[in-house]
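Here's a quick briefing to read with the structure open beside you. Take it topic by topic.

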Amino acid sequence: MTEGRSDDARSRAHERGLYPAPLNEGRSRNMRANRRTGTKPEIVLRSALHRLGYRYRKDFRLDLGSMKVRPDIVFTARKVAVFVDGCFWHVCPEHGRQPTTNEWYWAPKLRRNIERDRAADVALVEAGWRVVRLWEHEPLDAAIGTVVRVLEDRTEHVSDPIGRP
């Protein structure tokens, strides 16, 4: 969508009361700069995993029946889906906070994000995937350790002989 069409669509949504009008241009520019994928914490984690020799797909769409899920990092052969969740957007218990401006819009939106995350986790697990959810503030070493432990844990694979490496 071109910049002009985006602005027109945003203005119409503001007029209909579906979307809050920005408080100022600076705030509007800041919110538009938020990315759905390719965030700094995600890129740092991907780079570290790549340096360790792990290969993955990024922002790979998984069709799980009626639900479509886009994990940040996907290990298709090992069926591991990794999400790097932003503290604001996914309501981190440590750093997330309830918005005080335009609460009528943000509170339900953030609640829907949490519900969508839970539904995605259930759909992935039911389809045989292992899910790793990390907060953006987690130290890199801890995040790498969590992902590597899940990747190297082969006990959940049915094809592995029981009790054998």
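**Two odd backbone spots, then the rest**

Val-91 sits in the loop that runs between β5 and α4 (103-126). Its phi is near 55 degrees, a positive value in a residue other than glycine. Keep in mind that this is a predicted model, with a mean pLDDT of 82 for the chain.

**Loops and positive phi**

- Val-91 is partly exposed, with a relative accessible area of 25%.
- Lys-79 also has a phi near 55 degrees, again positive in a residue other than glycine.
- You'll find Lys-79 in the loop between β4 and β5, where the residue is partly exposed at 31% relative accessible area.
- Gly-53 comes just after α3 and takes a positive phi of about 100 degrees.

**How far to trust the model**

- Residues with pLDDT of 70 or more make up 72% of the chain.
- Among the elements, strand β4 (residues 73-75) has the highest mean pLDDT, 97, while helix α2 (residues 25-32) has the lowest, 62.
- Over residues 155-165 pLDDT stays under 50, and the model has four contacts for this stretch beyond four places in sequence.
- Where pLDDT is low, the predicted coordinates should not be read in detail.

**Helix α3**

- The twelve residues of α3 should span 16 Å at 1.5 Å a residue, and the end C-alpha atoms are 17 Å apart, which agrees.
- Glu-42, Leu-45, Arg-46, Ala-48 and Leu-49 are the buried residues of α3.
- Looking down the axis of α3, those buried residues fall within an arc of 165 degrees, so they line one face of the helix.
- An α-helix has 3.6 residues a turn, so residues three or four places apart point the same way.
- On the face turned away from the buried side, α3 carries the exposed residues Lys-40 and Arg-51.
- What do the buried residues of α3 pack against? Their partners are β1 (57-58), β4, β5, β6 and α5.

**Nonpolar cores**

- The largest nonpolar core has 15 residues, and the ones touching the most other members are Leu-45, Leu-49, Phe-75, Val-82, Leu-134 and Val-147.
- At least two residues of this core come from each of α3 (40-51), β4, β5 (80-85), β6 (130-135) and α5 (140-152).
- Which element gives the most to this core? That's α5, with four residues.
- Leaving aside neighbours within four places in sequence, Leu-134 is in contact with Leu-45, Val-82, Phe-83, Val-84, Asp-85, Ala-143, Thr-146 and Val-147.
- Another core, of ten residues, lies apart from the largest one, and its members include Leu-64, Val-69, Ala-120 and Trp-129.
- In soluble globular proteins, nonpolar side chains tend to be buried together.

**Cysteines**

- How many disulfides does the structure hold? Zero.
- For Cys-87, which is in no disulfide, the nearest cysteine sulfur is that of Cys-92, 3.9 Å away.
- Cys-92 is likewise in no disulfide, and its nearest cysteine sulfur is that of Cys-87.
- The cut-off for a disulfide is sulfur atoms within 2.5 Å, so the 3.9 Å between Cys-87 and Cys-92 does not count as one.
- Are these cysteines buried or exposed? Cys-87 counts as buried at 6% relative accessibility, and Cys-92 is buried too, with a relative accessible area of 2%.

Conventions:
Residues are numbered from 1 along each chain as its sequence is written. This is a predicted model: local features need pLDDT of at least 70, side-chain atom pairs count only at pLDDT 80 or more; totals for chains, interfaces and linings use all residues. Side-chain values use heavy atoms; hydrogens and water are left out. Buried means under 20% relative accessible area, exposed over 50%, partly exposed in between (1.4 Å probe, protein chains only). pLDDT is the predictor's confidence in each residue, from 0 to 100. Contact means heavy atoms within 4.5 Å. A nonpolar core is a set of buried Ala, Val, Leu, Ile, Met, Phe, Trp, Tyr and Cys residues joined through side-chain atoms within 4.5 Å. The expected span of a helix is 1.5 Å times one less than its number of residues. The arc is that of the directions from the helix axis to the C-beta atoms.
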